[in-house]
Amino acid sequence: MSPSATATVDAQQPPSPSESQNGLDRFFKISERGSTVAREIRGGLATFFAMAYIIVLNPIILGSAKDMYGHQLDGGQLVTATVLTAAFSTLLMGVIGNVPIALAAGLGVNTVVALQLAPRMSWADAMGMVVLAGFVVMLLVATGLRERVMSAVPISLRKGIAIGIGLFIMLIGLVDSGFVSRIPDAAHTTVPLQLGADGHLNGWPVLVFIVGVLLTLALIVRKVPGAILISIVVMTVVAVVINAVADVQSWGLTTPEWPGNPVASPDFGLVGQVSLFGGFEKVGLLTGVLFVFTVLLSCFFDAMGTILGVSDEAKLLDEKGNLPGVNKVLLIDGIAVAAGGATSSSATTCFVESTAGVGEGARTGLANVVTGGLFAVGLFLTPLVTMVPSQAATPALLAVGFLILSGSVKDIDWSDYTLAIPAFLTMVMMPFTYSITNGIGIGFVAFCVLRLAAGRGREVPVAMYAVSAVFAFYYLMPALQLT
């Protein structure tokens with residue numbers, strides 16, 4: 001019998017009287033939600049193994065970028081920051097929010113920080129903008145505006161943003177692995193990218209990436225729990241063996257070598273390295289506000305959708321489709337965004353992989369306590385994480401990109417061109433301009449213009465006009481000699 005089938009059978013068995021009377025049960029409402037401590041533990045384990053890949057991927061994405069001064073973040077410190085923030089946020093959501101929704105550094109948001117913010121300012125400035133985005137989220141929740149702001153953006157455009165981020169991180173995975181490379185300007189060609197380093201696929205590292213992609217996708221097709229993490233571990237072992245027996249000129253940022261002692265004390269050197277307003281001095285007020293807005297949007301809709309989706313899967317929604325105590329959950333999500341900036345691990349957000357735990361029976365925050373505890377253990381395993389080469393980790397970006405696209409594309413209303421075209425422009429402009437900000441801005445402006453052209457201008461919320469006007473002015477700034 002499959003684990004999910006076992007969970008289903010278990011869910012039909014009522015908890016024992018002794019279990020329903022203890023303090024742990026009362027605090028987390030385990031019996032009230034039809035669960036048991038055993039199911040919560042099992043669910044917490046499943047969620048951790050489904051999302052533990054972020055411990056490897058986040059340091060690779062952030063560590064491969066440089067700020068405007070040419071500085072790079074230390075890989076070991078990034079591992080510590082990533083697992084520390086994931087552990088803190090996940091435990092907080094479990095104990096205070098009492099929902100089985102784990103949190104960690106968000107894929108897509110870390111790309112914004114690494115490729116858009118950092119090159120224009122220092123790392124401390126970039127992380128300060130993430131903290132500010134978290135403060136804005138908390139302010140929107142406290143004033144009751146978060147759900148109103150979310151409703152102002154049409155669902156088709158929200159899905160276009162999600163797909164665009166998925167396509168963007170897929171391109172990053174292809175580039176970081178060496179499967180695709182930039183054609184140098186000396187080639188005098190208008191074609192920007194090529195296969196491999198010279199138009200062909202050569203070398204052991206690229207082979208590791210290709211096999212990793214095939215393995216990851218095969219495991220996903222087989223619905224193997226923890227497919228992405230399993231692939232990363234297997235391909236890291238393969239890379240270590242290849243590196244030991246073959247002459248590999250370069251693996252890029254990380255050479256896969258056994259570190260000797262796999263356990264080490266965590267390095268908290270990045271914690272607190274934040275400048276809240278330094279970025280505005282570097283890029284100006286308007287550009288700085290747009291950067292904060294981009295980080296905010298990257299977290300905003302994804303988190304809201306994940307919270308409702310996981311809660312629905314766990315049968316926690318009421319008869320109106322609302323999650324009781326949702327403002328508490330949303331507030332913790334805002335705290336997590338700010339905490340990610342404060343530790344330099346990028347914005348932390350809710351992970352849809354939490355559905356893996358729900359599938360194993362998780363219904364309460366106790367599952368989060370288990371998941372958060374396992375993240376905390378990762379604080380002492382930095383040497384193991386920092387030996388993973390990008391070729392073993394980046395196949396996950398392709399897999400996650402596909403999963404985002406497959407889960408969102410069907411929700412776009414392709415019959416309404418005033419929605420479909422802006423969504424299309426949003427999703428293609430992100431990878432083609434290598435900028436999430438550009439994708440969002442172009443999509444928003446196109447939506448307002450097309451609705452006006454169709455005589456449906458009154459259907460556009462005032463907030464959309466305001467934000468689109470800011471984006472339009474942002475694009476006109478160079479022509480107006482304001483940059």
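This is a short dialogue on reading burial, contacts, cores and a pocket in a predicted model.

Visitor: Start with the interior. Which residues of the largest nonpolar core touch the most other members?

Guide: The general idea comes first. In soluble globular proteins, nonpolar side chains tend to be buried together. Now the case here. The largest nonpolar core has 109 residues, and Ile55, Leu107, Trp123 and Phe444 touch the most other members. Helix α14, residues 285–313, gives the most to this core, with twelve residues.

Visitor: Which residues does a second, separate core include?

Guide: That core has five residues, among them Ile163, Ile412, Ala423 and Val428.

Visitor: Back to Phe444. What does Phe444 touch, beyond residues up to four places away in sequence?

Guide: Its contacts include Val153, Leu157 and Ile161. Phe293 and Leu297 are also on the list. So are Met464, Val467, Ser468 and Phe471.

Visitor: Now a loop residue. Is Ala347 buried or exposed?

Guide: Ala347 sits in the loop between α15 (326–342) and β4 (348–350). Its relative accessibility is 0%, so Ala347 counts as buried. Leaving aside neighbours within four places in sequence, Ala347 contacts Ala104, Ala105, Gly106, Val109, Val130, Cys299 and Val337.

Visitor: How many residues along the chain separate Ala347 and Met429?

Guide: They are 82 residues apart, and their C-alpha atoms are separated by 22 Å.

Visitor: And Asn98? Where is the place of Asn98?

Guide: Asn98 is in the loop between α6 (75–97) and β1 (103–105). Buried means under 20% relative accessible area. Asn98 has 9% relative accessibility, so this residue counts as buried.

Visitor: Which backbone nitrogen lies 2.8 Å from a polar atom of the Asn98 side chain?

Guide: The backbone nitrogen of Gly365. Gly365 is also among the residues that Asn98 touches, not counting those up to four places away in sequence. The others are Phe27, Phe28, Lys29, Arg33, Met93 and Thr364.

Visitor: Last, the second largest pocket. How many residues line this pocket, and which lie nearest its centre?

Guide: The lining has 21 residues. Val56, Leu229, Val233, Leu384 and Val385 lie nearest the centre. The space in this pocket is about 530 Å³.

Visitor: Which helix gives the most to the lining of the second largest pocket?

Guide: Helix α12, with six residues. At least two lining residues come from each of α4 (37–51), α5 (54–63), α12 (227–245), α17 (366–377) and α18 (382–385).

Visitor: What is the lining of the second largest pocket by class?

Guide: The count is 19 nonpolar, two polar and no charged residues.

Note on methods: Residues numbered from 1 in each chain as written. Predicted model: local features only at pLDDT ≥ 70, side-chain atom pairs only at ≥ 80, totals over all residues. Heavy atoms only, no water. 1 Å grid on protein atoms, 1.4 Å probe; cavity = no way out; pocket = protein on both sides within 12 Å on 5 of 7 lines; lining within 4 Å. Points joined across faces, edges and corners; volume = space filled by probe spheres on them. Helix = DSSP H or I, 4+ residues; strand = E, 2+ residues; numbered from the N terminus. Nonpolar A, V, L, I, M, F, W, Y, C, P; charged D, E, K, R; others polar. Buried < 20%, exposed > 50% of the residue type's maximum accessible area, 1.4 Å probe, protein only. Polar contact = N/O pair within 3.5 Å; in protein donor to acceptor, adjacent residues only side chain to side chain. Contact = heavy atoms within 4.5 Å. Core = buried A, V, L, I, M, F, W, Y, C linked by side-chain atoms within 4.5 Å.
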